[in-house]
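Here is a friendly walk through one protein model. Keep the picture open while you read, and look for the sheet before you hunt for the charged pairs.

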Amino acid sequence: KKKKKKKLNFKILWVKKIYCDSERTMETDEDDMLLAQLTEEEIAELSRTIDPDNELLPPSQRMPSQTEKEGTGPLDRKHLLDHLKKQAQNSKVGEDYVPFIPKSKPEDEEEQKVEVVKKPKDVFSNEFDDILNELDEEDIAELASELGMHGLLNQAQSRGDPGASLKTKCTPKPTIDYDYDPPQSTDLLEAITSLEDNDPYLTELNLNNHSLITSQHVFQILDALKTNTYLETLSMANVSLDDRHTSSLAEALRENEMLKSLNLESNRLTITGLKAVIKALADNSSLKEIRLANQIARGGHRVEADIAKMLENNTTLLKFGYAFTSNGPRFQVEKFLMRNTDMERQRRQDYSV
């Protein structure tokens, strides 16, 4: 038997060597003769030990099944879990094994939750209650100071000031009356009429936050501004001025030769309308200050660079109210305003001479 088993192992090793050397193919007659000499027992042993490494073959064909049991049918997960649970309950593990006894929980009974109420810790025992009730505030303050209970005392009691009470006095802070802007009281129709009539006494007009102004009123004011020769300051902040009015506004800035200050903050100008207004400043020679901050336009570096380039052609503007977000265009505009300031100083010197 030992010789037969040794001979069988030798044949199997030899077949494995041939299988590997010939790259999984039996091409020579010698290999066929060797395989023909194997018995059924040897072929079965060879099949159990050889697993062809071929990715194209499914696992069931690479290695024959070595399970001797017959299949029980498709997988039933619930049945398998019940079997494992039952097997675990019946198994005896450890020395302190206690058998599992199923019990049904009563539906009518409710678990009673015991609430643990924490009682505050008494600082003094009950025998001192009568004594403490007879003490006044000064005695209690002195006793608390001696016991180091400074949380019950205020600053005056900690210093030992006579007449200090345990009751903390709370004094409210005095209210501050802020000076809000009064509601706009300018007579809108009278102001427009005076502006159209070129009233010499109308040199300053403030229409900021006027609640009655409409788009038609804005057009009337801008049209009257073209021919007015006395108005020097015009404030129209938060009057819903938008891109529809920029054409009339630009024309008024080109034709008016008396206006020195213009406030158009908190309106509805977009980037297009803002550029149209600034572009018109190149043909204006009287305006010294203009405010255009807080518009709905949100321009980036390129828009601000275009604004700075447009202001280069203006030689009279001294103040430009706009919130730049880029340092380059802001520094450039400041340089132009300083140039205009120097030119204005030079003109005053020449006029005085």
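Two strands count as paired if DSSP finds at least two bridges between them. Strands themselves are DSSP runs (E, at least two residues), helices are runs too (H or I, at least four), and both are numbered from the N terminus. What you see is a predicted model, where local features need pLDDT of at least 70, side-chain atom pairs count only at pLDDT 80 or more, and totals for chains, interfaces and linings use all residues. Residues are numbered from 1 along each chain as its sequence is written, and side-chain values use heavy atoms, with hydrogens and water left out.

**The sheet**

Let's begin with the strands. Five of them, in the order 1-2-3-4-5, make an open sheet with parallel pairing. At the edges sit strand 1 (204-206) and strand 5 (319-321), each with pairing on one side only. On average, neighbouring strands here are turned by 5 degrees against each other, direction ignored; the axes behind that angle are lines fitted to C-alpha atoms, and angles run from 0 to 180 degrees between N-to-C directions.

Now look at one edge in detail. Strand 4 (residues 289-291) runs parallel to strand 5, and 3 bridges join them. Which residue of strand 5 is the bridge partner of Ile-290? That's Phe-320.

**The salt bridges**

Next come the charged side chains. A salt bridge means a side-chain nitrogen of Lys or Arg within 4 Å of a carboxyl oxygen of Asp or Glu. The whole structure has 10 of them, including these:

| Pair | N to O distance |
|---|---|
| Arg-244 and Asp-242 | 3.0 Å |
| Arg-254 and Asp-283 | 3.3 Å |
| Arg-347 and Glu-344 | 2.7 Å |

Take Arg-254 and Asp-283. Arg-254 belongs to helix 11 (residues 246-255), while Asp-283 is in the loop between helix 12 (271-280) and strand 4, so this pair ties together parts that are 29 residues apart in sequence.

Arg-347 and Glu-344 are another story: both are in helix 14 (residues 327-352), 3 residues apart, which puts about one helical turn between them.

How open are these side chains? Buried means under 20% relative accessible area, exposed means over 50%, and partly exposed is in between (1.4 Å probe, protein chains only). Arg-244 is exposed at 53%, whereas its partner Asp-242 is buried at 15%. Arg-347 is partly exposed at 35%, but Glu-344 is buried at 17%. Arg-254 is partly exposed, at 39%.

Finally, find Asp-223, Lys-226 and Glu-251: salt bridges link them in a network.
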